[in-house]
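Hi,

Here is the structure I said I would pass on. Have a look at it first, and then read my notes below.

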Amino acid sequence: MKKPTMAIAGLTACSGCQLTLLNCEAELPEVAGCFDLIFFPMGISGGDECASVDVAIVEGAVSTPDDLETLLHLRSRSRFLVAFGTCALWGGVAAMKNHESRTELTKIVYHDVAGEVLTFNPEPFHFFVTVDFAIPGCPPEKDELLALLSSLLRGSFPVFPIYPVCTECRNRENRCLLVEDNELCLGPLIQAGCGARCPAAGIVCEGCRGPVAEANVASEMELLMQKGFPREEIISRMRRFCPEWNYEQRH
Amino acid sequence: MQKNFLSNESFPLFLQGLAASGDLHGPVLTDDGVMAFRPICSPADIQLDCIRTLIPPKKYFFPPKEAILTYSPVKGYQLTKAAGKKVILFGLHPCDLAGIAYLDRVFLESQPDPLFVKRRKAVTLIGLSCEPDEYCFCGTMGTAEPQNFDIFMHRTEAGFYLSAGSSRGKKIIRRLSVLLEAREPPSPVPCECKIEETILQAATRGETFSESRLWEDFAGRCLSCGACSLCCPTCYCFDVQERGRLDGETAERLREWDNCLFKSHGEVAGGHNFRKTREERFRYRFQHKYLGFGPMRGIVSCVGCGRCRDVCPVKIDLMELFREKANIL
């Protein structure tokens, strides 16, 4: 059987998602054996920028004209485009100030040369192109990446949990930081798959994996406000990894 | 008269004796303060006053997530083999024993589940009497009277009155009888709760509370976090997934706990969902819990442990439906 061809690339991001692949040390030889890596600038010198591929796994948010051009190019030459990580899927940390003036923000960072910086609000891929599959996470879980690669070999996509972090957290018999300790935990709103890693270590869910399907945002807001958290603080925390929430959404 | 009384002084020795029959597990407080069934390292760790653990004992027979089948081109389909390590599970309240009895009917009767069978056989159930709190209503569901135990220990100030519920239990008591003495057990104190009759009557007449406004209220508040079913001793819904391995040839089939409030619970291939709204899912949950489905129709599977009411972050309580109808709010 012909090996599926693959491109791995990044837009505006920290490269942490691509590093997730390199962190699969035990599985890398197998991955290299199963896939033909045509283009992976972070891991392999050279590479063909123009060849068509079966799958393009791409991280980062779309934040510059160059990003958009790269994304359109990757879309047009790949059979499947995978949004890899929370930036690609929701906007991520780079988008947390999308509600503020881009011009002002650019000035704060770049001062005198701000005018020369070509940038717009960081946005997820689906604002611009059709996305075939997405892996959430900042960074994504190794297991989910490997599950995707395994499924691709069979011509399908894996099924990821359609429930929130709380489910995995309860199953681990963790202490509920939201109910027991009245902390600002976003667990009920956030897509599971991380095994509730942070709450298991006593740290609230910061929401790095983005919204779960049908998140009851309004109810979580009410609950947190009953616990004494100001609405602005809750919104600011929710925006950290996903800039656009419908705060009235119940279903 | 049979030797049936274990003094508090002899209790640690009794536990040591139990541990000779298998790994001793019971309710302990975890490092971050969660009540959980765990291995007992020292008798002092056992929480005799435990009201309820977060996750019920079902995890011993039916873990949250496990591979149930593997496939390889060479060996074909192979069922996973459970280790079946002997466990002495101490501190099961009557509600938890009733929960296990219900799961026994689900997993051991018409279509025995091989993994459940093996694990269930390997676990010895040691019951313990308890003091209910404001979340319990165990008297109500007929679970105050212990059932389905190997040994039941009725706790009093001076010690425990033991009774055997199986030949396995009798053997253990006989083996440890040197620690026991003969005493007349105290007469049981009847446990009363007003809601019992209401629930059982409603279940008998197939009540669905279809006109209640509470469904909308529940659906509006529910976070779909899954806690109510994960923590329920009788919720057994599971999801099955196929996970191919990276070699492109071998694969495993996973089973994991599901919850009827999840979007995917009623979803089928092609994206159709039999229960699109959270309100429909709540009605379904109620009907499964109190009216039963299929061969379990007519069996109330709520054992009154109070876990779902206790753990729900937004304090949803299905009991409100009964109370509303019976005007006993």
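**Where the chains meet**

Chain A and chain B each put 34 residues into the contact between them. Bear in mind that this is a predicted model. On the chain A side, the helices α2 (28-34), α6 (142-153), α7 (165-171) and α9 each bring at least two residues to the surface that touches chain B. The largest share comes from α6(A), with six residues. By residue type, the side of chain A that touches chain B splits into 16 nonpolar, nine polar and nine charged.

**A closer look at α6(A)**

Since α6(A) turns up there, I followed it further. The helix has 12 residues and spans 17 Å from its first C-alpha to its last, close to the 16 Å expected at 1.5 Å a residue. Which of its residues are buried? They are A:Glu144, A:Leu145, A:Leu146, A:Ala147, A:Leu148, A:Leu149, A:Ser150 and A:Leu152. Within chain A, these buried residues pack against α1 (16-22), α2, β3, β4 and β5, and they also pack against β11 (238-244) of chain B. After the helix comes A:Gly155, which has a positive phi, near 75 degrees.

**The sheet in chain A**

The strands that α6(A) packs on belong to an open sheet of five strands in chain A, ordered β2-β1-β3-β4-β5, with parallel pairing. At the edges sit β2 (36-39) and β5 (133-135) of chain A, each pairing on one side only. On average, neighbouring strands of this sheet are turned by 30 degrees against each other, direction ignored. Inside the sheet, β3 (residues 53-59) and β4 (residues 78-84) of chain A run parallel and are joined by five bridges. To find the pairing on screen, go to A:Ala56, whose bridge partner in β4(A) is A:Leu81.

Two helices are worth viewing against these strands. α6(A) lies across β3, β4 and β5 of chain A and runs at about 155 degrees to β5(A). Helix α3 (residues 65-76) of chain A lies across β1 (5-10), β3 and β4 of chain A, at about 135 degrees to β4(A).

**One residue to click on: A:Glu214**

A:Glu214 is in the loop between α8 (197-200) and α9 (217-226) of chain A. What does it touch, leaving aside neighbours within four places in sequence? Its contacts are A:His251 in chain A, plus B:Ser224 and B:Lys263 in chain B. Is A:Glu214 buried or partly exposed? It has 19 C-beta neighbours inside 10 Å, and buried would take 20 or more, so A:Glu214 counts as partly exposed. Its C-alpha atom is 9.9 Å from that of A:Pro164, a residue 50 places away along the chain.

**Two domains in chain B**

For chain B, the domain assignment gives domain 1 (5-190) and domain 2 (197-326). Their centres, taken over C-alpha atoms, are 25 Å apart. Where they touch, domain 1 of chain B contributes 32 residues and domain 2 of chain B contributes 29. On the domain 1 side, β4 (65-72) and α2 (94-108) of chain B are the elements that give two or more residues. That side of domain 1 is made up of 20 nonpolar, six polar and six charged residues.

Cheers

Definitions and conventions. Residues are numbered from 1 along each chain as its sequence is written. Chains are lettered from A and ligands numbered from 1 in the order in which they are written. This is a predicted model: local features need pLDDT of at least 70, side-chain atom pairs count only at pLDDT 80 or more; totals for chains, interfaces and linings use all residues. Domain bounds come from an automatic or database domain assignment. Two residues are in contact if their C-beta atoms, placed from the backbone, lie within 7 Å. Helices (H or I, at least four residues) and strands (E, at least two) are DSSP runs, numbered from the N terminus. Ala, Val, Leu, Ile, Met, Phe, Trp, Tyr, Cys and Pro count as nonpolar, Asp, Glu, Lys and Arg as charged, and the others, Gly among them, as polar. A residue is buried if 20 or more other C-beta atoms lie within 10 Å of its own, exposed if 12 or fewer, and partly exposed in between; C-beta atoms are placed from the backbone. Two strands pair if DSSP finds at least two bridges between them. Axes are lines fitted to C-alpha atoms, for helices over the stretch in contact, and angles run from 0 to 180 degrees between N-to-C directions. The expected span of a helix is 1.5 Å times one less than its number of residues.
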